Structure formats: structure tokens, C-alpha cells
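Q: Please take one part of this model and look at it closely. Then place that part in the chain, step by step, for a first-year student.

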Amino acid sequence: MSQVFGLNSVDIPSKETFSQIYGTIKEVPGLNFFEKIWASYYVYMDNDIFATGLLFFLLHEVMYFGRCLPWYIIDRTPYFKKYKIQPNVYPSDKEQWECTKSVLKSHFFVEAFPIWFFHPICEKIGVSYDVPFPSLSKIAIQVTIFFFLEDAWHYWFHRGIHYGAFYRYIHKQHHRYAAPFGLAAEYAHPIEVMLLGFGTVGIPIVWCYFTRDLHLFTICIWITLRLFQAIDAHSGYEFPISLHHFLFIWAGADHHDEHHHHFIGNYASSFRLWDYILDTEAGETAKNTRENKNKSKAEKVATKN
Ligand SMILES: [Zn+2]
Ligand SMILES: [Zn+2]
């Protein structure tokens with residue numbers, strides 16, 4: 001008999017099938033459906049390191065390719081042509097396939113090794129993975145904080161890898177597509193995957209190191225939303241209902257497409273704040289505003305003299 005983690009009152013016989021384990025855990029009062037599935041999964045796997053590693057690997061694959069699929073269909077549907085940011089520039093099937101192969105290679109060869117260290121690190125710094133989950137409001141607050149922290153990390157390091165040799169040897173790969181598409185979100189050099197990926201995976205770990213208050217389920221929600229943000233930003237489509245029309249600081253596809261189109265400016269990932277404040281916005285409008293600003297500054301100086 002083995003005891004279910006975090007559920008002191010329940011004993012589970014060993015060598016049970018998943019549905020038998022779920023059948024026992026189902027009876028525990030006060031747990032919702034997702035908490036019961038989560039607890040049953042960890043009990044069934046009977047190896048927390050393997051369970052967490054597999055969970056995050058599958059979460060990444062399912063959410064990444066699952067989110068890319070609708071964009072692939074939209075690209076092949078003439079109705080959506082009017083919403084394309086760079087009209088008439090479509091990735092060919094061959095390009096999409098090449099990109100998919102490269103992303104999969106990176107998932108299997110770059111990510112598959114460190115992912116097994118994820119659970120031991122989480123345990124060491126006190127990321128909890130028992131049930132029940134934290135409240136929805138706590139999850140929402142922490143995920144929002146991670147969005148802002150990741151955005152700052154991404155802005156500076158992305159801006160950094162646009163310089164000289166860093167661009168030539170690392171970031172150039174990601175800029176192969178001047179008109180991006182969903183699958184291209186993670187098309188990048190392994191060093192870039194590690195560096196910018198730290199903003200997504202490392203920030204929650206550092207956060208928990210200082211606060212000692214984070215649940216693994218919150219990290220799952222955060223990684224899923226961050227993946228959606230990155231894929232949507234590369235989608236190449238701008239709709240009247242796109243989020244940035246309602247949440248003005250949200251970057252969206254419009255923002256990142258300009259980055260790929262002009263190869264310069266708009267370095268942040270989720271928000272428009274850093275590029276606005278530090279005057280690194282990309283595109284014609286931003287360029288004109290910058291030029292007008294510099295002109296009026298020069299005129300002011302000239303009249304003073
Ligand atoms: Zn770039
Ligand atoms: Zn990009």
C-alpha cells in the first residue's frame with residue numbers, strides 16, 4: 001500500500017491501473033476534476049522525476065503544435081487573406097515542413113535532456129505539486145507577474161542578440177522568415193532557445209527561490225499561455241478582435257511582425273512598454289515619429305543658440 005502524496009487519508013494499493021487509482025482518488029472530498037486527474041497521474045507514474053519531465057515535454061508538444069495547427073489552416077483559407085499583415089507572403093508547405101523538423105529536433109535534442117532536472121530543481125526550491133491547487137486568483141497574479149518579468153528579460157536579451165557576432169552566429173536563424181508564421185516561433189539557434197527560454201522556465205524558478213510560494217500547476221498554465229503568446233505573435237495575422245485593440249500595452253502579432261519585416265526594433269515579447277519607453281519601436285510610423293521628435297529637438301536647440 002502506498003500513500004497518495006498530499007492526501008494523507010487515502011491509501012492506494014500498488015500496481016493499480018490508472019482508472020483504479022482515479023476511482024479511489026475520485027472519492028476524496030474537496031478536489032476538483034483537474035486535481036483528481038493530477039493526483040492520479042503522479043500516483044500512477046510512481047516516479048515524480050519521470051512524471052514531471054514527461055508532463056512538461058508532452059505539454060510543450062501538445063500546446064505548441066496544437067496552437068500552430070489553426071494558424072496553418074488559416075494560412076490555407078482564402079477568407080482570412082484580408083487579415084494577413086504582409087499580404088501575399090505565404091510560407092510554402094516545404095518551408096513549413098523544414099521549420100517543423102527543425103523545431104522538433106530542438107525539442108528532442110536541446111530540451112529533452114535538461115527537462116529531467118526540472119523536478120529535482122523544483123523540489124529543492126520548494127515548488128509544490130500536491131493537491132489541491134492554489135486559488136485561481138493566486139494563479140492569475142503569479143502568471144501576470146511572470147508575463148512582465150519575462151517581457152523584460154526578452155527585451156534586453158533579444159536586443160542584445162541583435163548586435164554584431166551575436167546576430168550573425170545566433171539570432172540570424174530566427175530571422176530566416178521575414179514574414180513569420182506560427183511554427184516559426186521556436187525556430188531558433190540552440191543558444192537562443194536556452195537564453196530566451198530561461199525567461200519562460202527560469203523566471204518562475206527564481207521567483208520560487210525567493211518567495212517559496214509556487215505550484216507546478218501554475219507553471220503549466222504559465223508555459224501554456226506564454227507558448228500561445230509566442231505562436232500568435234508569429235502568426236502573421238491581425239484581426240479587429242486581436243487582444244492589443246482592447247489591452248493597449250499587449251504586443252501581439254502586429255508588433256512582432258514588424259520586427260521580422262524590418263529586422264530591427266520591437267524587441268519585447270508580450271508588451272509594448274519597453275520599446276515605447278526606450279524608443280526602439282519598429283516600422284514606418286515609429287520611424288516617422290522618431291524623425292519628427294529628433295527634428296523638433298534639433299530646432300529647439302537651434303532657436304536657443
Ligand atoms: Zn530579432
Ligand atoms: Zn520572432
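A: The answer starts with one helix and then widens to the rest of the chain.

Residues are numbered from 1 along each chain as its sequence is written, and chains are lettered from A and ligands numbered from 1 in the order in which they are written. This is a predicted model, so local features need pLDDT of at least 70, side-chain atom pairs count only at pLDDT 80 or more, and totals for chains, interfaces and linings use all residues.

The part to look at is helix H5, residues 118-125. Helices here are DSSP runs of H or I with at least four residues, strands are E runs of at least two, and both are numbered from the N terminus. Start with the inside of H5. Its buried residues are Phe 118, His 119 and Cys 122. A residue is buried if 20 or more other C-beta atoms lie within 10 Å of its own, exposed if 12 or fewer, and partly exposed in between; the C-beta atoms are placed from the backbone. The three buried residues sit on the same side of H5, because they cover an arc of only 95° around the axis. That arc is taken from the directions that run from the helix axis to the C-beta atoms.

Now turn the helix around. Pro 120 and Lys 124 are exposed, and they sit on the face turned away from the buried side. What do the buried residues of H5 pack against? They pack against helix H3 (48-75) and helix H9 (216-233). Contact has a cut-off too: two residues are in contact if their C-beta atoms, placed from the backbone, lie within 7 Å.

Follow the chain out of H5. Just after the helix, Gly 126 takes a positive phi of about 90°. Further on, a cis peptide bond joins Val 131 and Pro 132, with omega about 0°. Pro 132 belongs to the loop between H5 and H6.

H6 covers residues 136-160, and its mean pLDDT of 98 is the highest among the elements of the chain. Strand E1 (residues 2-3) has the lowest, 43. pLDDT is the predictor's confidence in each residue, from 0 to 100. Where it is low, the predicted coordinates should not be read in detail. For the whole protein chain the mean is 91, and 95% of the residues reach 70 or more.

Other loops hold positive phi values as well. Asp 46 is not a glycine, yet its phi is positive, about 60°. Its place is in the loop between helix H2 (33-45) and H3. Asp 46 is partly exposed, with 14 other C-beta atoms within 10 Å. Asn 88 is not a glycine either, and its phi is about 70°. Asn 88 lies in the loop between H3 and helix H4 (93-111). It is exposed, with 7 other C-beta atoms within 10 Å.

Two residues in helices give a further contrast. Gly 23, in helix H1 (residues 18-25), counts as exposed, with 12 C-beta neighbours inside 10 Å. Asp 275, in helix H11 (residues 273-277), is buried, with 22 other C-beta atoms within 10 Å. Leaving out residues up to four places away in sequence, Asp 275 touches Gly 265, Asn 266, Tyr 267, Ala 268, Thr 280 and Glu 281.

Now step back to the full chain. It holds 12 helices and 2 strands. Along the sequence, the pattern is β-β-α-α-α-α-α-α-α-α-α-α-α-α. The C-alpha atoms fill a box of roughly 85 × 50 × 40 Å along the principal axes. Of the 305 residues, 30% count as buried.

The domain assignment gives domain 1 (1-46) and domain 2 (49-304); such bounds come from an automatic or database domain assignment. The contact between them takes 11 residues from domain 1 and 7 residues from domain 2. On the domain 1 side, these residues divide into 8 nonpolar, 2 polar and 1 charged. Ala, Val, Leu, Ile, Met, Phe, Trp, Tyr, Cys and Pro count as nonpolar, Asp, Glu, Lys and Arg as charged, and the others, Gly among them, as polar. The domain centres, taken over C-alpha atoms, are 36 Å apart.

One record adds a label. UniProt, in an unreviewed entry, lists residues 144-280 as "domain: Fatty acid hydroxylase". UniProt positions follow the numbering used here, feature names are shortened, and annotations may be inferred rather than shown by experiment. Over residues 144-280, the chain is 58% helix and 0% strand.
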